[in-house]
Amino acid sequence: QVQVVESGGGLVQSGGSLRLSCTVSSSNFNVHGMSWYRQVPGKQRELVAGITRSGRTNYEDYVKGRFTISRDNTKNTVYLQMNNVKPEDTAVYYCDAEVDVGMLNNYWGQGTQVTVSS
């Protein structure tokens, strides 16, 4: 059984910082790529950043230079350090993990709300 749990969301002022965490419980399976997505009501979920198991990262243009994704493979945990946040970063942030359960499956967390006040 695989569970994905995000934490760290909350209310932050514009220009402030926040760090999100996502832990994948999969004691018998390897976790491969991990990504952060976000979604606002009425819009499609969009990619924020991703990281491979080896640490290669990719970022969407609207967070480059402000957000940093990292991971700790010993803890099956991925982080999203959010700096210089803007009101448009307000969204529910979701973690996606690719887990090898015999085949690669994607597992999602329940999401964590990030609200940036102006």
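**Exercise 1. The four-stranded sheet**

Work out which strands make up the open sheet of four strands in this predicted model, and which of them stand at the edges.

*Solution.* Begin with the order of the strands, which runs β1-β3-β8-β7 in an open sheet with antiparallel pairing. Next, look at the two ends of that order: β1 (3-7) and β7 each have a single partner strand, so one side of each is left without a neighbour in the sheet. Then consider how the strands are turned, for neighbouring strands in this sheet make an average angle of 15° with each other when direction is ignored. Finally, turn to the pair formed by β3 and β8, which is antiparallel and runs over six bridges; within this part of the sheet, Leu-20 has Leu-80 of β8 standing opposite.

**Exercise 2. The disulfide**

Find which cysteines form the disulfide, and determine which parts of the sequence the pair ties together.

*Solution.* The structure holds one disulfide, and its partners are Cys-22 and Cys-95, whose sulfur atoms lie 2.1 Å apart, within the 2.5 Å that the assignment requires. Placing the two residues on the strands gives the next step: Cys-22 belongs to β3 (residues 18-25) and Cys-95 to β9, so the pair ties together parts that are 73 residues apart in sequence. The handedness follows from the torsion about the S-S bond, which is about -80°, so the disulfide is left-handed. As a last step, compare each cysteine with the cut-off for burial, which is under 20% relative accessible area: Cys-22 counts as buried because its relative accessibility is 0%, and Cys-95 is likewise buried, with a relative accessible area of 0%.

**Exercise 3. The largest nonpolar core**

Identify the residues that touch the most other members of the largest nonpolar core, and say which strand gives the most to this core.

*Solution.* The largest nonpolar core has 27 residues, and those touching the most other members are Trp-36, Leu-80 and Tyr-93. The strands β3, β4 (30-39), β5 (46-51), β7, β8, β9 and β11 (112-117) each supply at least two residues of this core, while β9 gives the most, with five residues. Leu-80 can then be followed through its contacts beyond four places in sequence, among them Trp-36 and Tyr-93, and also Leu-18, Leu-20, Val-48, Phe-67 and Ile-69. A general tendency offers some background here: in soluble globular proteins, nonpolar side chains tend to be buried together.

**Exercise 4. Three residues in loops**

Asn-76, Asn-84 and Lys-86 lie in loops; decide for each whether it is buried or partly exposed.

*Solution.* Start with Asn-76, which lies in the loop between β7 (67-72) and β8 (77-82); its relative accessibility is 15%, so Asn-76 counts as buried. Asn-76 is not a glycine, yet it has a positive phi of about 50°. Continue with Asn-84, in the loop between β8 and β9 (91-100), where a relative accessible area of 44% makes the residue partly exposed; the phi of Asn-84 is also positive, near 50°, although this residue is other than glycine. Lys-86 lies in the loop between β8 and β9 and, at 32% relative accessibility, counts as partly exposed. To see what surrounds Lys-86, set aside residues up to four places away in sequence, which leaves contacts with Ser-14, Arg-66 and Val-116. Lys-86 and Gly-15 are 71 residues apart in sequence, while their C-alpha atoms are 6.3 Å apart in space.

How values were computed: Residues numbered from 1 in each chain as written. Predicted model: local features only at pLDDT ≥ 70, side-chain atom pairs only at ≥ 80, totals over all residues. Heavy atoms only, no water. Buried < 20%, exposed > 50% of the residue type's maximum accessible area, 1.4 Å probe, protein only. Contact = heavy atoms within 4.5 Å. Core = buried A, V, L, I, M, F, W, Y, C linked by side-chain atoms within 4.5 Å. Pairing = 2+ DSSP bridges. Axes fitted to C-alpha atoms, helices over the stretch in contact; angles between N-to-C directions.
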